[in-house]
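Colleague: I'm still new to reading models like this one. Could you pick one part and take me through it closely, along with whatever sits around it?

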Amino acid sequence: MFFNTDDLYNSEIALKLVKTTDENKEKNYVPAYHFDICFLDGTIIGGCDLRVGHNKNTYYGGNIGYHISEDFRGHGYAKKASELLFTLARKHNMEYVIITCDPNNIPSYKTCINLGMEFIKNGRIPRSHDLHSRMKKVAIFKKKLI
């Protein structure tokens with residue numbers, strides 16, 4: 001079940017729903033929301049998603065993913081978008097969320113720290129995971145929500 005997302009905004013940005021995707025048990029995918037991150041005037045500055053639930057895929061791939069267009073980096077928009085996604089995760093009664101990043105991606109690593117997330121470990125991505133073709137290691141962070 002997907003919730004209304006019209007309340008996902010703050011004084012600077014809004015998350016505009018692009019699509020939702022249902023669970024795919026064959027691929028071990030959980031349901032997900034996919035958003036554009038926009039200024040309040042509608043200018044798209046990036047994107048983010050929330051994957052609802054926990055399994056081996058979300059442990060290595062995270063519940064939250066984000067990207068900010070190059071021209072808009074360095075202003076904390078990934079952090080602000082993630083905080084809005086925390087609100088949505090709470091609606092789904094998620095007790096915690098995982099965010100992962102390449103250990104060498106310093107801006108994303110700092111975003112996790114600035115969100116008050118707990119560093120769990122640097123982990124090796126299993127060969128069977130979809131991410132393995134793009135990266136071999138991830139920094140795994142966890143944030144308790146409830």
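Modeller: Let's begin with a word we'll need: a residue is called buried when its relative accessible area is under 20%, exposed when it is over 50%, and partly exposed in between. Keep in mind, too, that this is a predicted model.

Our part is strand 5, which covers residues 96-101. Five of its six residues are buried, so the rest of the structure largely encloses this strand. Now look for its partner. Strand 5 is joined by six bridges to strand 7 (residues 137-144), and the two run antiparallel. To find your way along the pair, put your finger on Val97: Lys143 in strand 7 stands opposite. There's also a charge to look at here, since Lys142 lies over the face of Tyr96, 4.3 Å from the ring centre.

Next, slide along to Thr100, which also belongs to strand 5. Its relative accessible area is 13%, and because the cut-off for buried is under 20%, Thr100 counts as buried. What does its side chain reach? A polar atom of the Thr100 side chain lies 2.9 Å from the backbone oxygen of Tyr60. The side chain of Thr100 also gets to the backbone oxygen of Gly61, at 3.5 Å.

Tyr60 is a handy stepping stone to the rings. Searching the whole structure turns up eight aromatic pairs. One of them is made by Tyr59 and Tyr60: it is edge-to-face, with 5.0 Å centre to centre and 90° between the planes. The two rings' residues don't fall in one class, though. Tyr60 has 12% relative accessibility and counts as buried, while Tyr59, at 28%, counts as partly exposed.

Now hold that pair up against Tyr109 and Phe119. Their ring centres are 6.2 Å apart and their planes stand at 45°, so this pair is tilted. It links distant parts of the chain, with Tyr109 in helix 3 (residues 106-114) and Phe119 in strand 6 (residues 118-124), ten residues apart. Tyr109 counts as partly exposed at 25% relative accessibility, and Phe119 is partly exposed as well, at 35%. Elsewhere, ring pairs tie Phe2, Tyr33 and Phe35 into a cluster.

Let's step over to the sheet. Four strands make up an open sheet in the order 1-2-3-4, with antiparallel pairing. Strand 1 (13-21) and strand 4 (64-68) are at the edges with a single partner strand each, so each has one side without a neighbour in the sheet. On average, neighbouring strands here are turned by 20° against each other, direction ignored. For strand 4, look at strand 3 (residues 44-51): five bridges join these two antiparallel strands. Gly46 is a good place to check this, as it stands opposite Ile68 in strand 4.

Finally, back up the chain from strand 5 and you'll meet helix 2 (residues 77-91). Its 15 residues reach 22 Å from first C-alpha to last, close to the 21 Å expected at 1.5 Å a residue. Which of its residues are buried? Among them are Tyr77, Ala78, Ala81, Ser82, Leu84 and Leu85. In case you try to trace a pattern in that list, an α-helix has 3.6 residues a turn, so residues three or four places apart point the same way. Just after helix 2, Asn93 takes a positive phi of about 60°.

Notes
Residues numbered from 1 in each chain as written. Predicted model: local features only at pLDDT ≥ 70, side-chain atom pairs only at ≥ 80, totals over all residues. Heavy atoms only, no water. Phe/Tyr/Trp six-rings, centres within 6.5 Å; stacked < 30°, edge-to-face > 60°. Buried < 20%, exposed > 50% of the residue type's maximum accessible area, 1.4 Å probe, protein only. Lys NZ or Arg CZ within 6 Å of the ring centre and 35° of its normal. Expected span 1.5 Å × (residues − 1). Pairing = 2+ DSSP bridges. Axes fitted to C-alpha atoms, helices over the stretch in contact; angles between N-to-C directions. Polar contact = N/O pair within 3.5 Å; in protein donor to acceptor, adjacent residues only side chain to side chain.
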